[in-house]
Amino acid sequence: MTRTRRLGSSDIEITPIGLGCMQFAGPGLVAQFYPELDGTTITTVVRAALDSGITWFDTAEMYGGGHSERALTTALRATGTGPEDVSIATKWAPLGRTAGNIGRTIDDRIAALQGFPIALHQIHQPYGSLSSLTRQVHAMARLQQEGKIAHIGVSSFSARQMERADVVLREYGSRLVSNQVQISLLHRKVEDNGVLETARRLGVTLIAFSPLRSGLLTGKFHDSPELLGSVRPIRKALGGFNRRTLTRTAPLIDELRKLAAAYGVTPTQVALAWLIHYYGDTVVAIPGASKPHQAVELGEAMSLRLTDAELARLGEISAPLN
């Protein structure tokens, strides 16, 4: 059985890998990154994630204006999963809004989740709001006091912003429990910008999004460079998908393949195992899946334990690539 971890200072136990649900957003902006999935496919993906041991899911208002939240919880119901069986994290979108909007839209989040409680509510980004971060955190704390959300997290916050959020929450007898940031073998900025150190000091869990660098760490593009042509333009630009990137990262992919062969697993699973163990219990990951076999692959990665020497070797090879 996969060992769970405490989410920050909360009372919630989560698996080291959760399922990111951006790909459930339906038509709209997110469709520029991923193809739209139908309800049947979403249900099979969610079922596969549950069967492979994953116990929590990360979604957001921004993912289709509630479409991802509804699709996720509809799928959970279809699998016979109840609110007591899983934990769901969602996010409030600050862009162009004031802190007061957090309270005004919480009932929309609750409705979209269809009876599944909000275990973790997060401020989706530290910019774009018409109100200060302090006011936004105050608004989150009031929702927690009202019992509408269980715990409070943030996303893409700097070390200083994390500190400030935690100070505000202490006024309410609460604590910041998470910060969702990009971390992977190809994105290790948390080691140098103070976020990792601050998270450890405050007891905050770092939730790693894009843990496979938009699929680059799977090795499939290195195996078949022609697949670069099928990557959607926005994803290609943000992920740095080009021939030069494939050349630069080839030594890392070769090491992932070597370890994968030794353990009888995939490079994807090796990359995820590195991420959830290299930083101790501080970092968990939320890769996405659009096919059932991908969800199974993610869940099974939680059972892979690399040696300290193997973790260090991957760290050494990836360091110059960051």
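**Exercise 1. Is D166 buried or exposed?**

Work out the answer, then look at the partner of D166.

*Solution.* A quick reminder before we start: this is a predicted model.
- Step 1: D166 has a relative accessible area of 1%.
- Step 2: The cut-off for buried is under 20%, so D166 counts as buried.
- Step 3: Now follow the side chain. D166 meets R175 in a salt bridge, 2.9 Å from N to O.
- Step 4: R175 has a relative accessible area of 26%, so R175 is partly exposed.

**Exercise 2. Lay out the open sheet and find its edges.**

*Solution.*
- Step 1: Write down the strand order. The open sheet has 8 strands, running β3-β4-β5-β6-β7-β8-β9-β10, and the pairing is parallel.
- Step 2: Look for strands with a single partner. These are β3 (19-20) and β10 (283-285), which stand at the edges, so one side of each has no neighbour in the sheet.
- Step 3: Zoom in on one pair. Strand β6 (residues 120-123) and strand β7 (residues 151-155) run parallel and share 4 bridges. If you want a spot to click on, L120 has H151 of β7 as its bridge partner.
- Step 4: Add a helix. Helix α3 (residues 100-112) lies across β5 (87-92) and β6, at about 140 degrees to β5.

**Exercise 3. Pick out salt bridges and say which parts of the chain they tie together.**

*Solution.* Here's the idea behind the search: side chains of opposite charge can pair when their charged atoms come close.
- Step 1: Start with the total. The whole structure holds 14 salt bridges.
- Step 2: Take K91 and D58, whose side chains meet at 2.6 Å, N to O. K91 sits in strand β5 and D58 in strand β4 (residues 56-58), so this pair ties together parts 33 residues apart in sequence.
- Step 3: Check the burial of this pair. K91 is at 0% relative accessibility and so counts as buried. D58, at 1%, counts as buried too.
- Step 4: Move on to R109 and E69, where the closest N and O atoms are 2.7 Å apart. R109 belongs to helix α3 and E69 to helix α2 (residues 67-78), so the link joins parts 40 residues apart in sequence. Both R109 and E69 are buried.
- Step 5: Go back to the R175 and D166 salt bridge from the opening exercise. Then look for shared partners elsewhere: E61, E69, R97 and R109 are joined into one network by salt bridges.

**Exercise 4. Find the empty space and name what lines it.**

*Solution.* The trick: rolling a probe the size of a water molecule over the atoms shows where empty space is left.
- Step 1: Count the cavities. With a threshold of 30 Å³ or more, the search turns up 1 cavity.
- Step 2: Get its volume. The largest cavity has about 50 Å³ of space.
- Step 3: List the lining. Around the largest cavity you'll find L7, I12, I14, W56, S87, I88, A89, A119 and L120. β5 gives the most to this lining, with 3 residues. You've met L120 already, as the bridge partner of H151.
- Step 4: Turn to the pockets. The second largest pocket has about 210 Å³ of space.
- Step 5: Name its lining. There are 14 residues around the second largest pocket, and L186, R213, R248, L321 and N322 lie nearest its centre.
- Step 6: Ask which element gives the largest share of that lining. The answer is helix α9 (residues 243-263), with 3 residues.

Key: Residues numbered from 1 in each chain as written. Predicted model: local features only at pLDDT ≥ 70, side-chain atom pairs only at ≥ 80, totals over all residues. Heavy atoms only, no water. Pairing = 2+ DSSP bridges. Helix = DSSP H or I, 4+ residues; strand = E, 2+ residues; numbered from the N terminus. Contact = heavy atoms within 4.5 Å. Axes fitted to C-alpha atoms, helices over the stretch in contact; angles between N-to-C directions. Salt bridge = Lys/Arg side-chain N within 4 Å of Asp/Glu carboxyl O. Buried < 20%, exposed > 50% of the residue type's maximum accessible area, 1.4 Å probe, protein only. 1 Å grid on protein atoms, 1.4 Å probe; cavity = no way out; pocket = protein on both sides within 12 Å on 5 of 7 lines; lining within 4 Å. Points joined across faces, edges and corners; volume = space filled by probe spheres on them.
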